[in-house]
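Q: Could you take me through one part of this model up close, namely a pair of packed helices, and then set that part in the context of the whole chain?

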Amino acid sequence: MSTRVSPTRPIHWPSTITLFGTSIAAIILVPLYAWFNDYSTAAWLSFIVLSILNGMSITAGYHRLWAHRTYEAHWIVRFVVMFFGTMAVQNSVLIWASGHRTHHRHVDDPKRDPYSAKRGFWFSHMGWMIRKHDSGKEDFSNAPDLLKDPMVMFQHRHYTVLALGINFGLPMLIGYCVNDLWGVMLLGGLMRLVWSHQTTFLINSLAHIWGQRPYTDQNTARDNAILAIFTYGEGYHNYHHQFQYDYRNGIKWYHIDPTKWLIASLSYLGLTKKLKRCDTFAIEKARIAMQFKRAEEKMLAQPFSMQIQMESVKARLTQEYAHFSLVLQDWAKLKEAWYLETKNALKNSETMLPYKTKFKAMEVEMRLQRKRLQTLL
Ligand SMILES: [Zn+2]
Ligand SMILES: [Zn+2]
């Protein structure tokens, strides 16, 4: 159900003209050109390559690097993702990342989340940019790190000139080089921009509506493998909202998360470092807690006659829950002991090894419990 908050706010003309102008122009001009001329292979390639470069600069740069600080990057990487992120026309890093931090902090709140999914699909997809909503007011107090970053501030100050220059300049240059100026301008320029916009916007809209919630049901964010394909891995949005400081969104090796693969690959070349991963135990804990919650809801939804038949399942669940609580207590104790040891000046790999082994064993235990619960439910 959507919640309407101040429906008639003044129109934000620069966003409206950019978003609707490019969309309408693409719908008319791209097929019209194809009617009279063939698009060259180079033009199609420019669309594919520039779409990927724009999309991944937003996910790896704007999102996981600047908004969440999930890793550190060499200035060359920062420059490249800033260049192609600017081309994606989603505003400056400062505005984007600050707004996104507010989204995480006040997720779903109709008054404070700039693109609250509780205000409906259209609002969270594009509506929030079309009008000047109170929830979208710029407030950089949550981005002191970015305000001190010279590269971020340079882009912020000169954003319009840079975005226009790159969007016209680069496709023109490519088009001139491959001898298909209009083909590249239309596919690599115009259609790429509209495609890149729409796929990114899906993360705020559809990724808060369609999919599973394995880690938390305290917000609307969903995990969705299909969306992950079009969003370079950002489809695992339920995980991301629960563990926002993880450089990964898809945590399994088979999860489609090209942004994670890119960041990890660059670390082998020394171009990214300090990649943050959330604790496996904490991840398992969240999943199991959700399983218990779902089991309880399922039981309560059963008619009374069925509830009697389910007594044995209930007993098993109580047993499992007691076990879960014990493991959590042990883990908290071990974590405290480990913390004290790491503060100890004499720490070395020998004294830390038993901790590693114990933590690993607990992770395995949690995984086994999750599997047991799955078969039980
Ligand atoms: Zn979100
Ligand atoms: Zn995020």
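A: Sure, and a word on terms to start: the domain bounds used here come from an automatic or database domain assignment. For this chain, that assignment gives domain 1 (13–273) and domain 2 (281–376). Keep in mind that the model is predicted.

Now for the helix pair. Helix H8 covers residues 159–178 and helix H9 covers residues 181–204. Two packed helices are described by the angle between their axes and the distance between the axes. For H8 and H9 the angle is about 145 degrees, and the axes are 7 Å apart. As for handedness, H8 and H9 make a right-handed crossing. On the H8 side, the contact uses Asn 167, Pro 171, Met 172, Ile 174, Gly 175, Tyr 176 and Val 178. H9 answers with Leu 181, Gly 183, Val 184, Met 185, Gly 188, Gly 189 and Leu 193. Sort the residues of this contact by class and you get nine nonpolar, five polar and no charged ones.

Let's step back to the whole chain. Its secondary structure comes to 16 helices and two strands, and its C-alpha atoms fill a box of roughly 70 × 60 × 40 Å along the principal axes. Of the 377 residues, 34% are buried. Take the contacts between residues at least 6 apart in sequence, and 68% of them join residues at least 24 apart.

How do the two domains sit relative to each other? Their C-alpha centres lie 37 Å apart. Contact between them involves seven residues of domain 1 and four of domain 2. The domain 1 side of that contact has four nonpolar, two polar and one charged residues.

For another helix to look at, try H15, residues 311–343. Its 33 residues reach 48 Å from first C-alpha to last, close to the 48 Å expected at 1.5 Å a residue. Just two of those 33 residues are buried, so H15 lies largely in the open.

Phe 84, in helix H3 (residues 75–87), is worth a stop too. Phe 84 counts as buried because it has 22 C-beta neighbours inside 10 Å, and the cut-off for buried is 20 or more. Setting aside neighbours within four places in sequence, Phe 84 is in contact with Leu 53, Asn 54 and Ser 57. Ile 58 is 26 residues from Phe 84 in sequence, with 8.1 Å between their C-alpha atoms.

Note on methods:
Residues are numbered from 1 along each chain as its sequence is written. Chains are lettered from A and ligands numbered from 1 in the order in which they are written. This is a predicted model: local features need pLDDT of at least 70, side-chain atom pairs count only at pLDDT 80 or more; totals for chains, interfaces and linings use all residues. Axes are lines fitted to C-alpha atoms, for helices over the stretch in contact, and angles run from 0 to 180 degrees between N-to-C directions. Helices (H or I, at least four residues) and strands (E, at least two) are DSSP runs, numbered from the N terminus. A crossing is left-handed if the near helix is turned anticlockwise from the far one by less than a right angle, and right-handed if clockwise. Two residues are in contact if their C-beta atoms, placed from the backbone, lie within 7 Å. Ala, Val, Leu, Ile, Met, Phe, Trp, Tyr, Cys and Pro count as nonpolar, Asp, Glu, Lys and Arg as charged, and the others, Gly among them, as polar. The expected span of a helix is 1.5 Å times one less than its number of residues. A residue is buried if 20 or more other C-beta atoms lie within 10 Å of its own, exposed if 12 or fewer, and partly exposed in between; C-beta atoms are placed from the backbone.
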